[in-house]
Each structure stands twice: as C-alpha cells, then as structure tokens.
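User: I'm new to reading protein models and would like to learn how to go through one feature by feature. Could you walk me through this one?

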Amino acid sequence: MDLNLKGKNVLITGAAKGIGKEIALAAARAGANIALHYHESQKEAAETAENIKKCGVKLVLVQADLSRLEEVQEMKVVTKRELGIIDGVINNAGWTQFKSFFKYEPGEWKKEMEVCFYGVLHLAHTFMPDMMDNNQGKFINIVGDSARTGDKNLIISGAARSGTISFLKSLSQEVGKSHVQCNTISLGLIDQGQSFDTVMLEKLIKQYPMGRLGKVDDVIGITLFLLSNWSDWITGQVIPVNGGHSMIG
Ligand SMILES: NC(=O)c1ccc[n+]([C@@H]2O[C@H](COP(=O)([O-])OP(=O)(O)OC[C@H]3O[C@@H](n4cnc5c(N)ncnc54)[C@H](OP(=O)(O)O)[C@@H]3O)[C@@H](O)[C@H]2O)c1
C-alpha cells in the first residue's frame, strides 16, 4: 500500500524524542517533508533532524511552547517560509502529571490544561485556515485513553484531552467541506523501554487482551494511514490503539 506522502508537508509536535520522533522518521521515510517541533529538547531535536535529513526530504526545525499562541503563530511563519503550507499536523506533544487531584496545589492544573487543551486550539487556529484555503489537510491529535475512560491519576490531562476530542469532533463538522479532516488517536500504555517493576508489569499486561503493552510501531501505522489519502473519508473520529484495554462503542 503506497502511502503517497511524497512532497506532503507534515508538522509533528514533540518530535525530538519518544513516539513523536519515531513518527517523524517514519513519515520522512514515506517521503513527507518534515517540520520537526520541539519545546525543550534542543539537543535531541538536532540529532533527530540529522537522521531525518538522511531520508532526502526537506526539513525545518521549529521550537515553541504550544501553550503560547504567539509562539505557535511564529512557528507557522517559519514552516510556511521553509516548506510552504502544512498539509498535516500531528500533535503528539503533551504535558501530564500522574497523581490524585487532591495532591495538586491550587492552580497547579493550569499548565496541563494550557498544553494539552489550549495547545490543540492554538495549532488548529493557526494551521487550519491555510489547509482550508488549500482544500486539503489532516489534523491528528494523539491522546491517552484516560481522555475517554477517565483515570484518577491522570485526572487533569485526561479532562483536557477529553475536551480536545469534543473540540475536534465539532471542528470537523465545519472544515469537512474544505476536505480538512480532524481525528484523534487514543493510546494505551506504550512500552518505550521504561523500567517497570516485574510485579507491576505483570499486573499491567493482564489489563490488555492482546497480552502485551503497545509498541511505537503500533502507533506509527495508524498515524501514517490517517495522514495518507487512504483515510480521506474518516473525520471526527477517535481511534483507539490500546491492545483492547478499553472497548467503548
Ligand atoms: N508513552 C505512552 O505510554 C503514552 C500513553 C498514552 C498517551 N501518550 C501520549 O503520546 C504522546 C507521546 O508520548 P511520549 O511518551 O513519547 O512523549 P511525552 O514525553 O509525553 O511528550 C512528548 C513531548 O511533548 C513536548 N512538550 C511538553 N510540554 C510542551 C509544551 N509546553 N509545548 C510544546 N511541547 C511540549 C515535549 O517536548 P520537549 O521534549 O522538546 O520539551 C515532549 O518531548 C504524548 O502526548 C503522551 O501524553 C503516551
């Protein structure tokens, strides 16, 4: 199946390392030009950029705090100058805290809301008008399954991202006529070499009908599919990639 991403300009946020880095590399291998966003991981971003350049695609490195609209807008100025209109945005960045609501100091929830919720609005408001003018575009937001199921220890990021699911469903109703699609990928726990305690790992795996945690490759396939024209009639959807951990119909 040819993904036909050659010449497409794709912005991947939080792509210096982790899942975002692997998505950026995979998209570059499929021929897409890459706008590689990072926030604080400058050194890792430069290393990832070197590897992407080896794929022979165009690349621009952009830095921004997604919670700050003016930084997102500046990122668009740079990507448009260096690559042209962005055809696909993959928002992989996130900032989450893992604890009970009552362990938060008052106001400590603000940053999670600003990055995980407002960050998505900033990206959509900044990059989508060009996509609409261009009569094509893919906006893909990556969240954790807590956004759909709730999780007492991911209570703020889950709530923020639950909001983005609703936001993108509503937005998809407006931008569909311009052939712009908005979809969400909802992830279970992805094994990135974290050091789990053996007993804890066994307990975790029991929650997954597929008998294992996710791999980064499990995320790449669906992301590239949603970027490609093979997904042209899919919009406003939430696609769970979670080994069957939750099955919400
Ligand atoms: N790993 C999992 O098991 C799992 C499960 C469910 C959902 N997810 C979600 O999948 C995505 C990727 O996961 P991951 O574990 O690879 O990455 P991650 O460490 O959770 O976050 C990805 C990137 O977000 C960026 N970021 C943080 N604050 C930012 C801000 N204010 N502005 C702009 N960027 C900011 C960071 O960039 P810099 O490093 O450059 O600062 C970071 O590298 C995340 O959204 C994560 O919440 C992951």
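Analyst: We'll look at a helix, then at empty spaces, then at cysteines and one loop residue. Keep in mind that this is a predicted model.

User: Let's start with the helix. How many residues does helix α6 have, and how far does it reach?

Analyst: Helix α6 runs over residues 155-175, which makes 21 residues. From its first C-alpha to its last it reaches 30 Å, close to the 30 Å expected at 1.5 Å a residue.

User: Which residues of α6 are buried?

Analyst: Here's the general idea: an α-helix has 3.6 residues a turn, so residues three or four places apart point the same way. In α6 the buried residues are I156, S157, G158, A160, R161, T164, I165, L168, L171, S172 and V175.

User: And what covers those buried residues of α6?

Analyst: The cover includes the helices α4 (110-134) and α5 (146-149), along with the strands β5 (137-144), β6 (180-187) and β7 (238-241).

User: Now the empty spaces. How much space lies in the largest pocket?

Analyst: In general, rolling a probe the size of a water molecule over the atoms shows where empty space is left. In this model, the largest pocket holds about 1600 Å³ of space. It is lined by 50 residues, and the closest to its centre are G94, W95, T96, L154 and R161. You've already met R161 as one of the buried residues of α6.

User: Which elements supply at least two residues each to that lining, and what classes of residue does it have?

Analyst: For the largest pocket, α1 (18-29), β2 (33-38), α4, β5, α5 and α6 each supply at least two lining residues. By class, the lining of the largest pocket has 18 nonpolar, 23 polar and nine charged residues.

User: What about the second largest pocket: what is its volume, and which residues lie nearest its centre?

Analyst: The second largest pocket has a volume of about 230 Å³. Its lining has 18 residues, with G137, K138, H179, Q181 and D232 nearest the centre. Both β5 and β6 give this lining at least two residues. Sorted by class, the lining of the second largest pocket has six nonpolar, eight polar and four charged residues.

User: How many cavities of 30 Å³ or more does the structure hold?

Analyst: One. The largest cavity has a volume of about 40 Å³, and K76, T79, K80, G84, I85, I86, T126, F127 and D130 line it. Two or more of the lining residues come from α3 (69-82), and likewise from α4. The classes in the lining of the largest cavity are three nonpolar, three polar and three charged.

User: On to cysteines. How many disulfides does a search of the whole structure find?

Analyst: A disulfide is a covalent bond between the sulfur atoms of two cysteines. The search here finds zero.

User: Why is there no bond for C116?

Analyst: Because the closest cysteine sulfur to that of C116 is in C182, 18 Å away, which is too far for a bond. C116 counts as buried, at 3% relative accessibility. C182 is buried too, with a relative accessible area of 1%.

User: One last residue: where is S41 found, and is it buried or exposed?

Analyst: S41 is found in the loop between β2 and α2 (42-53). At 16% relative accessibility, S41 counts as buried, because the cut-off for buried is under 20%. Leaving out residues up to four places away in sequence, S41 touches A16 and K17.

Key:
Residues are numbered from 1 along each chain as its sequence is written. This is a predicted model: local features need pLDDT of at least 70, side-chain atom pairs count only at pLDDT 80 or more; totals for chains, interfaces and linings use all residues. Side-chain values use heavy atoms; hydrogens and water are left out. Helices (H or I, at least four residues) and strands (E, at least two) are DSSP runs, numbered from the N terminus. The expected span of a helix is 1.5 Å times one less than its number of residues. Buried means under 20% relative accessible area, exposed over 50%, partly exposed in between (1.4 Å probe, protein chains only). Contact means heavy atoms within 4.5 Å. On a 1 Å grid over the protein atoms alone, a cavity is a set of points where a 1.4 Å probe fits but cannot get out, and a pocket is an open set with protein on both sides within 12 Å along at least five of seven lines; lining residues have an atom within 4 Å of a point. Grid points are joined across faces, edges and corners, and a volume is the space filled by probe spheres set on the points. Ala, Val, Leu, Ile, Met, Phe, Trp, Tyr, Cys and Pro count as nonpolar, Asp, Glu, Lys and Arg as charged, and the others, Gly among them, as polar. A disulfide is a pair of cysteine sulfur atoms within 2.5 Å.
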